[in-house]
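Biologist: I should be grateful for a close look at a single part of this structure, namely its strands and how they pair.

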Amino acid sequence: MDELLRRSEKLTTVGQLAAGVAHEIRNPLTTLRGFLQLQRETNRLSPQHNEIMLSELDRINLIVSEFLILAKPQAVQFQIKSIRSILNGVISLLDSQAHLFGIEFKFEFEPEDFKVHCEENQMKQVFINIIKNAIEAMEDGEDGGVITIELFQLNQEEIGITITDQGIGIPSDMMPKLGEPFFTSKEKGTGLGLMISQGIIEGHKGMLEIFSKPGKGTRVDIVLPLAGVRQQTYRYHHKEEEPIAD
Ligand code: ADP
Ligand code: MG
């Protein structure tokens, strides 16, 4: 059964998120403190203890860096950009990781070079998050598989981008939790990727939906307004509804 996700209402402010970050960091810190105390008292830290301490530190580091993207957005600069070249850039970044697991990308791009009014770094962040999730859903599989990326015109005003994997899929009871901060099924996940992506797409007046079949795969649909079209529509409405008094 296909499941549908529209989670814009789950978007949390950075302030609320900070409490979550504190909570997420406190757990690994408690472990680290416990081990160091053990070291002080018994002088007996095993290599396994060391491994755990390192991975806990890595986890803290990952949570903090993903959070910083949210809390301190770099100079936000909306520009008219080719969505195809943003996608191509992201894919060349992730290509070697995918190949490690025998995963291939398949492109179904309409020939037209669609332009979107967007913040390029944020848009890259979205595609990195979504495509990484697709790779991670497939990397434990036996024989790789294909991630299909489509780019097409949806209607006069919008384009569609779909990213379809052949990974483990998402159990239906998990679907409502997607996009909640820190919801993750992965040992090394942060559970921030989808929430960040959702927020960015909303910020671009777009839409992000997730469909999944456990054991079969997952498809993420993104809809974005084409550059130019929307702005003209707004101007038109503005003129119609609010005539400027002289
Ligand atoms: P993270 O990847 O750090 O776990 P995300 O916010 O990116 O955090 O994803 C949250 C959860 O959603 C994942 O842990 C996983 O359970 C599920 N998920 C997201 N994308 C996919 C996918 N393509 N296939 C299967 N599960 C997915
Ligand atoms: Mg992720």
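Biologist: How many bridges join strand β1 to β3, and do the two run parallel or antiparallel?

Modeller: The model is a predicted one. Strand β1, residues 78–82, is joined to β3 by five bridges, and the two strands run antiparallel. Within this pair, Lys115 of β3 stands opposite Ser82. Lys115 also belongs to an alternating pattern of side chains along β3, which covers residues 115–119. On one face lie the side chains of Val116 and Cys118, and these two residues are buried. Lys115, His117 and Glu119 point to the other face and are not buried.

A further set of strands forms an open sheet. Five strands make up this sheet, in the order β2-β4-β5-β7-β6, and their pairing is mixed. At the edges are β2 (103–109) and β6 (207–213), each of which pairs on one side only. On average, neighbouring strands of the sheet are turned by 15 degrees against each other, direction ignored. In general, strands of a sheet pair through backbone hydrogen bonds, in either the parallel or the antiparallel sense. For the edge strand β2 and its partner β4, residues 145–153, the sense is parallel, with seven bridges between them. One of the positions in this pairing is Lys106, whose bridge partner in β4 is Thr148. The parallel pairing of β2 with β4 thus stands beside the antiparallel pairing of β1 with β3 in this description.

How values were computed
Residues are numbered from 1 along each chain as its sequence is written. Chains are lettered from A and ligands numbered from 1 in the order in which they are written. This is a predicted model: local features need pLDDT of at least 70, side-chain atom pairs count only at pLDDT 80 or more; totals for chains, interfaces and linings use all residues. A residue is buried if 20 or more other C-beta atoms lie within 10 Å of its own, exposed if 12 or fewer, and partly exposed in between; C-beta atoms are placed from the backbone. Helices (H or I, at least four residues) and strands (E, at least two) are DSSP runs, numbered from the N terminus. Two strands pair if DSSP finds at least two bridges between them. Axes are lines fitted to C-alpha atoms, for helices over the stretch in contact, and angles run from 0 to 180 degrees between N-to-C directions.
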